[in-house]
Each structure stands twice: as C-alpha cells, then as structure tokens.
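Reader: I am in my first year and would like a close look at one part of this model. Please pick a single helix, go through it slowly, and then show how the rest of the chain relates to it.

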Amino acid sequence: MEKKRTELNPPQILILVFLFFITLGTFLLMLPFSTTEGITLGDALFTATSAMTVTGLAVVDTGTAFTLVGQWVILALIQLGGLGIMTFAVLIFMALGKKIGLKERMIIQQSLNQTAVGGIILLVKKLLIFSISMELVAIVLLSFRWVPEFGLSRGIYVSTFHAISAFNNAGFSVWSDSLSGYVTDPVVNIVISFLFIIGGVGFTVVFDLWKTKDFHRLSLHTKTMLVGTIAINVFSILMIFVLEFNNPETIGNMSTPGKLMASYFQAVTPRTAGFNTIDIGAMEDDSLFFMLMLMFIGGGSASTAGGIKLTTAVIIIVATLAFFRDKEDLTLFRRSLRPRLVMRALALTVGSVFLVFTSTFFLNMTEDASFLSILFEAISAFGTVGLSTGITGDLTIAGKMILVSLMLFGKLGPLTFAFAFTKPRPDPIKYPKEEVLTG
C-alpha cells in the first residue's frame, strides 16, 4: 500500500525558509573573516535572527564587532527579511524562465500578508522596483551628508547601510549610539524617518496611493492606515515632547526646534524602525511606558514593520466602541467589517499578549534588570523594533534565546505559527445558543 505523502502548507514552508536563512546567517557570522575578535554561537544566532526579522536588537556593537564582510552579511539578511524571501525567489524564478505555480503563489501571499492570490506576482514586481528605487534615492541623499564627513568610500557605505536598514525597518547602525550624533541634523532625520515610515505603512498602501489620487476611492485598508498613522504619529510627537521637555539627559537642554525634531524622530521610530537619536535608557519611565504601546501596535500589514499592526488595533477599538454604543454592525469609513475580521484581530491580539507576557515572566527570572527594562526588551523584540534601554548586551544565554523566539514570532506573526500546526476544521454541527455572564 502506497504511503500518503505529507505536504507542507505555506505557513510551514515560510517558517522553515526563515529558519534556514537564520541558520545560514549564523554560520556566516561565525566565520573568522566576519568578525574582528570572534563571536559566540549564541551572539551570532541572536544577530542573524535580529537581522533576518529586521528587529535591530544587538548583543554586540555592529560597527566594531563585525568586519566589512560581516556587516554585509547582516545587510543581506536585512534585505531578505524585510522585502521577503519569497519576493527574491520570484525574481530568480522569473530570471530562469520558470513557471510560478499556485502553491508558490500561496506561499508568497502568506509571506506578504495578502488576502488573495490574484495579482500577487505583479505586486512582487512592483515591490522590488519600488524598494530598490527608494533605497537608491536615499543613498544618494544621505551621501550628500556623509561623504563630506567620512570621505567618498566610507560615506557611500554608511549611507548604503543606513538606507537599507531604515527602509526595511531594521534599526541596525554602524554606530554604537545609533543616530544620536545627528539628533538635530535635518537631512539624516528627514531621510531616515521617511524611509522607515514608508516601509512601515505597507507596500499595498503605497501602490494604492500611486494609482488612486482620490481619497474616497482608496481601499478601506489604505484609508485606515493613512488616517491611523497620521493620528498616532501626531499624538506621539506631542506626548514625547511634553514628557521629555525638562529631562536634561534627553532633550531638556536643547533649543525648542531641537526638542521638536528629537521628539518627532523618537515618536515615529517605536512603531517601526528602532533607530534612536536620544538615549533610550535615560528617558522618563512615562515615556518608556508610552513607547511600549507604540511598539506593541507596530506598523501596517504587508510592510517591513512588526507588532500586531495598526489596522488590528483600529479594528479592536472600533469593535469596542460599537459594543459600548450597542451597535451590531461594525463600520469604518462607511464600510461594514465582517465578524470574522474582528475574530482574527482578537485572536492576533490575545496571542501576542500571551507571548509577550509569558516571555516577560521568564525573562524576569533569568535577567538582572528592572521590570520595565525587561518588558521594554520583550515588546521591542516581539514588535521587531530594536529599541532597548541598554540591557541587550548583558542578557544571559537563556534571555537571548527567549528574545530570539520572540523576534521570530513577531516577524512571522502568531497566526502563521498557529496555522502551521493546526488544520482548519469547520464545525459541521450547529449547537443551541446560550448566554454566558461576562463583565
């Protein structure tokens, strides 16, 4: 009797591909020519995972611990993880003249977090062209700032490194203090923040805006992302500005324009990128707690950012307000939301909360740091943000492995892992309804 062949589903394949490249990256970073003084297996694995999941948390200083070769390995992992492995796979298939079948399209759909298979190849082509174009333009603009300071070759290199890292929302920098040396530099602040904001809103939003100029004709997803992003960014800038206004260790001693620029950058970076222009560890506890919420929310679907995603948070808020108003139908921009969409948002949020709090519980047992710093580190890893209060380099091996798992879960999403190991089974039986007391 012929044995039934077991085929991997798209989520399982996506997880295995990520694990393969993380393993490959770990191996390459362990090689003698990748580091200046050698690196442990745990640190190499952590760095490879952080780069592949475009997180940006670092247990060693990227600029001094790794050689030029090692830094290029990190950049390659960032590009692969940010734009999607399957995106580059499509490019290779097309170059070889291979046909892309339904299963491959489903894997690409899963990796880009799309709702339909139709038009997925065209989206990938646009994604590649747009991403490379944005990075090249940013490299040129940053070179005007850094070539005069560092010379031609070094200036172009640091421009390239930070352009790729910023667009992919990775937060890796060749400097140990990230971009703190350019806290009031308009070119660096504007170019870098523009890159990670564009990367963080999602490619479907960018392409929708490109082809549709009328706001009313935009998709519901695009409208939600645009309004939500503007609202949360403006509110965050004001919050950071007020909370840090008199803090001499961050923006307290700056001029008002300097305070506004520093507040702007530090307000927009927690949901996506992980770069910082002020010392995160010196910020007020109120500011850190506020940034926790921003990191947990994250950016947009089909973007390089992590977190539960802004649209998920909006749906949860809309559902809550609808309940308080005793409304049965959920509406957003004069469009009704399906109940299943709310269930998905709820499942994603609850699963994410469970992951973060479980990881924080174990980190609290393994690490010698304040609870707020540990929680900040956990949410930063899950949201693939990369910001830290300064405890990353002092983590135990157990703590590093917990964060490695969190970064992987945060990048691929709890639902991807859930769908990878469970099969959808529609309930054929309908049971009588009955009320349960809540609240």
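Author: What follows starts from helix H15 and works outward to its surroundings.

The model is predicted, and every value below is computed from it. The protein has 18 helices and 2 strands. Of its 439 residues, 53% are buried.

Helix H15 runs over residues 339–366, which is 28 residues. How far apart should its ends be at 1.5 Å a residue? The expected span is 40 Å, and the C-alpha atoms at the two ends are 41 Å apart, so the two values agree.

Next comes the question of which residues of H15 are buried. They are Val342, Ala345, Leu348, Thr349, Ser352, Leu355, Val356, Ser359, Thr360 and Leu363. To read such a list, recall that an α-helix has 3.6 residues a turn, so residues three or four places apart point the same way. Among the buried residues of H15 are Val342, Ala345, Leu348 and Ser352, and further along Leu355, Ser359 and Leu363.

One partner of this helix is H17. Two packed helices are described by the angle between their axes and the distance between the axes. For H15 and H17 the angle is about 170° and the distance between axes is 9 Å. Angles over 145 degrees count as roughly antiparallel, so H15 is roughly antiparallel to H17. On the H15 side the contact is made by Leu355, Ser359, Phe362, Leu363 and Thr366. On the H17 side it is made by Ala398, Gly399, Ile402, Leu403, Leu406 and Phe409. Leu355, Ser359 and Leu363 were already listed as buried.

Helix H17 (residues 397–412) also holds Lys400. Side chains of opposite charge can pair when their charged atoms come close. Lys400 forms a salt bridge with Asp43, with 2.5 Å between the closest N and O atoms. Asp43 sits in helix H2 (residues 41–52), and the two partners are 357 residues apart, so that this pair links distant parts of the chain. Asp43 and Lys400 are both buried. Long links also show in the contacts of the protein: among those between residues at least 6 apart in sequence, 69% join residues at least 24 apart.

The other neighbour to consider is H14. This helix covers residues 310–324, 15 residues in total, and reaches 21 Å from first to last C-alpha, close to the 21 Å expected at 1.5 Å a residue. Its buried residues are Leu310, Thr311, Thr312, Ala313, Val314, Ile315, Val318, Ala319 and Ala322. What covers them? The cover includes H15, together with helix H11 (220–244), H13, strand E1 (330–332) and strand E2 (335–337). After H14 comes Asp326, whose phi is positive, near 60°. Most residues other than glycine have a negative phi, and most peptide bonds are trans. Arg334 also has a positive phi, of about 60°, although it is not a glycine. Arg334 is placed in the loop between E1 and E2. Is Arg334 buried or exposed? With a relative accessible area of 81%, Arg334 is exposed, because anything over 50% counts as exposed.

H13, one of the elements covering H14, leads to the core. The largest nonpolar core has 110 residues, and Ile78 and Ile192 have the most contacts inside it. Helix H13 (residues 285–297) gives the most to this core, with 8 residues. Leaving aside neighbours within four places in sequence, Ile78 is in contact with Ala51, Val54, Ile164, Ser165, Asn168, Ala170 and Phe172.

Finally, the charged pairs. The salt bridges come to 3 in count, and the pair of Asp43 and Lys400 is one of them. Another joins Glu149 to Arg145, with the closest N and O atoms 3.0 Å apart. Both residues lie in helix H7 (residues 120–150), 4 residues apart, which is about one turn of the helix. Arg145 also meets Asp185 in a salt bridge, at 2.4 Å from N to O. Asp185 is in the loop between helix H8 (152–167) and helix H9 (186–201), so this pair ties together parts that are 40 residues apart in sequence. Through shared partners, Arg145, Glu149 and Asp185 are joined into one network. Asp185 is buried, at 12% relative accessible area, whereas Glu149 is partly exposed at 42% and Arg145 is partly exposed at 24%.

Key:
Residues numbered from 1 in each chain as written. Predicted model: local features only at pLDDT ≥ 70, side-chain atom pairs only at ≥ 80, totals over all residues. Heavy atoms only, no water. Expected span 1.5 Å × (residues − 1). Buried < 20%, exposed > 50% of the residue type's maximum accessible area, 1.4 Å probe, protein only. Core = buried A, V, L, I, M, F, W, Y, C linked by side-chain atoms within 4.5 Å. Contact = heavy atoms within 4.5 Å. Salt bridge = Lys/Arg side-chain N within 4 Å of Asp/Glu carboxyl O. Axes fitted to C-alpha atoms, helices over the stretch in contact; angles between N-to-C directions. Parallel < 35°, antiparallel > 145°, perpendicular 65-115°, else oblique.
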